[in-house]
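Reader: I am new to this structure and would like a close look at one part of it, the salt bridges. Please start from a single charged pair and work outward from there.

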Amino acid sequence: PIPKGDIIRTERGLEEAAEYVGFPLVIKPVNGNHGRGITTNINSMDEALIAFKEAKEISRLVIVEKFITGEDYRLLVIDNKLVAAAKRTPAHVIGDGKSTIQQLVDEVNKDERRGYGHEKVLTEISINSLTIELLKENGMTPETIVPKGEFVKLKSTANLSTGGTAEDVTDLIHPYNIFMAERISKIIGLDICGIDIMAHDLTKPLNESGGAVLEVNAGPGFRMHIQPTDGLPRNVGGHVVDMLFPHGSNARIPIIAVT
């Protein structure tokens with residue numbers, strides 16, 4: 001199951017795709033990574049045009065697809081076997097009733113687990129133009145004081161590289177969804193792949209819960225599985241080594257010369 005969608009390259013194509021798919025939309029580049037150029041929950045042609053231009057900066061071809069609601073999951077398949085699954089939450093802050101959003105972000109970034117790029121388990125949260133736009137849609141700015149306990153989303157995607165967090169859910173995935181993930185890896189022909197799924201609950205079969213497969217990543221990140229923010233760490237690197245050097249095989253690397 002995948003979202004209804006189309007691939008376009010022009011503004012005329014955008015209008016036709018919006019009519020075919022129907023709002024709300026997601027617009028993203030065909031060739032991209034780390035959530036760059038993606039805009040979600042688009043509800044008008046004006047918003048769609050802005051999102052289209054953002055995506056065009058990353059890729060010549062642009063995907064327009066139906067906006068699916070639910071939790072963001074990443075399933076990691078190595079050697080056609082599901083080895084880990086994580087529920088990802090976009091970069092966010094929780095209000096305390098007295099601090100501005102900017103102050104809350106500064107406080108979250110003090111966490112020793114957060115660093116620049118991929119240097120640490122988590123990535124620092126930055127307030128960029130997409131964050132400003134997301135806050136604006138909810139009548140907020142970085143200077144808004146958030147009521148105590150209120151969840152404020154700061155990014156439209158849940159990538160760890162944009163400040164998101166991850167919770168291990170490997171043991172909760174329904175057998176149907178495990179079978180589906182492993183089948184996807186075989187169909188596409190990837191010995192290592194990360195499958196992004198949007199669903200309300202992966203303890204139920206995806207074809208019953210109304211979720212959808214959003215992406216299949218050929219170079220998935222391991223951080224969220226090796227050191228999840230919550231839950232059990234998974235030794236996914238071990239599965240890679242076992243695939244490259246199967247038990248009982250000769251793993252010697254002959255050296256011809258050292259200079």
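**A buried arginine and its partners**

Author: Arginine 234 is buried, and aspartate 168 is buried as well. The model is a predicted one. The two side chains meet in a salt bridge, with 2.9 Å from N to O. Arginine 234 sits in the loop between α7 (223-226) and α8, while aspartate 168 belongs to strand β11 (residues 165-168), so the pair ties together parts that are 66 residues apart in sequence.

Arginine 234 also meets the side chain of aspartate 171 in a salt bridge, and here the N to O value is 3.1 Å. This pair, too, links distant parts of the chain: arginine 234 is in the loop between α7 and α8, aspartate 171 is in the loop between β11 and α5, and their positions lie 63 residues apart in sequence. The relative accessible area of arginine 234 is 16%. Arginine 234 is called buried because the word applies under 20%. Aspartate 171 is exposed, at 62%. Arginine 234 therefore has a buried partner in aspartate 168 and an exposed partner in aspartate 171.

As for why such pairs form at all, side chains of opposite charge can pair when their charged atoms come close.

How many salt bridges does a search of the whole structure find? The count is 10. One of them joins arginine 12 and glutamate 16, whose closest N and O atoms are 3.3 Å apart. Here the partners lie in one helix: arginine 12 and glutamate 16 are four residues apart in α1, so about one helical turn separates them. Arginine 12 counts as exposed, with 59% relative accessibility. Glutamate 16 is partly exposed, with a relative accessible area of 46%.

Salt bridges can also be joined into a network, and Asp72, Arg74, Arg88 and Asp196 are linked in this way.

Now for charges and side chains on the surface. Which residues form a negative surface patch? They are Asp46, Glu47, Glu133 and Glu137. Two helices, α2 (45-56) and α4 (129-137), each supply at least two residues of this patch. Aspartate 46 has its place in helix α2, and with a relative accessible area of 60% aspartate 46 is exposed. Residues that take part in a salt bridge are left out of such patches, so Asp46, Glu47, Glu133 and Glu137 are to be read apart from the pairs above.

A nonpolar patch on the surface is formed by Val241, Leu244 and Phe245, which together have about 280 Å² of accessible area. Phenylalanine 245 is in the segment after α8 (236-244). The relative accessible area of phenylalanine 245 is 40%, which makes the residue partly exposed.

The backbone has some details to look at as well. Phenylalanine 23 and proline 24 are joined by a cis peptide bond, with omega at about -5 degrees. Proline 24 is placed in the loop between α1 (11-21) and β2 (25-29).

Two residues have a positive phi without being glycine. For asparagine 41, phi is about 55 degrees; the residue is in strand β3 (residues 39-42) and is partly exposed, with a relative accessible area of 32%. For aspartate 79, phi is near 55 degrees; the residue lies in the loop between β5 (71-78) and β6 (81-89) and is partly exposed, at 42%.

One further pair of residues brings sequence and space together. Glutamate 215 is 213 residues from isoleucine 2 in sequence, yet their C-alpha atoms are 8.8 Å apart in space. Glutamate 215 is in strand β13 (residues 212-217), where the residue is partly exposed, with a relative accessible area of 28%.

How far can these details be relied on? The protein has an average pLDDT of 90, and 100% of the residues score at least 70. Where is confidence lowest, and where is it highest? The lowest is in strand β9 (residues 122-123), with a mean of 78, and the highest is in helix α5 (residues 175-188), at 97. Where pLDDT is low, the predicted coordinates should not be read in detail.

To return to the start, arginine 234 forms salt bridges with aspartate 168 and with aspartate 171.

Terms used. Residues numbered from 1 in each chain as written. Predicted model: local features only at pLDDT ≥ 70, side-chain atom pairs only at ≥ 80, totals over all residues. Heavy atoms only, no water. Patch = residues over 30% accessible without salt bridge, like charges linked within 9 Å, V, L, I, M, F, W, Y side chains within 5 Å. Areas by Shrake-Rupley, 256 points an atom, 1.4 Å probe, with all protein chains shown as cover. Salt bridge = Lys/Arg side-chain N within 4 Å of Asp/Glu carboxyl O. Lys, Arg positive; Asp, Glu negative; His and termini not counted. Charge placed at Lys NZ, Arg CZ, Asp CG, Glu CD. Buried < 20%, exposed > 50% of the residue type's maximum accessible area, 1.4 Å probe, protein only. pLDDT = per-residue confidence, 0-100.
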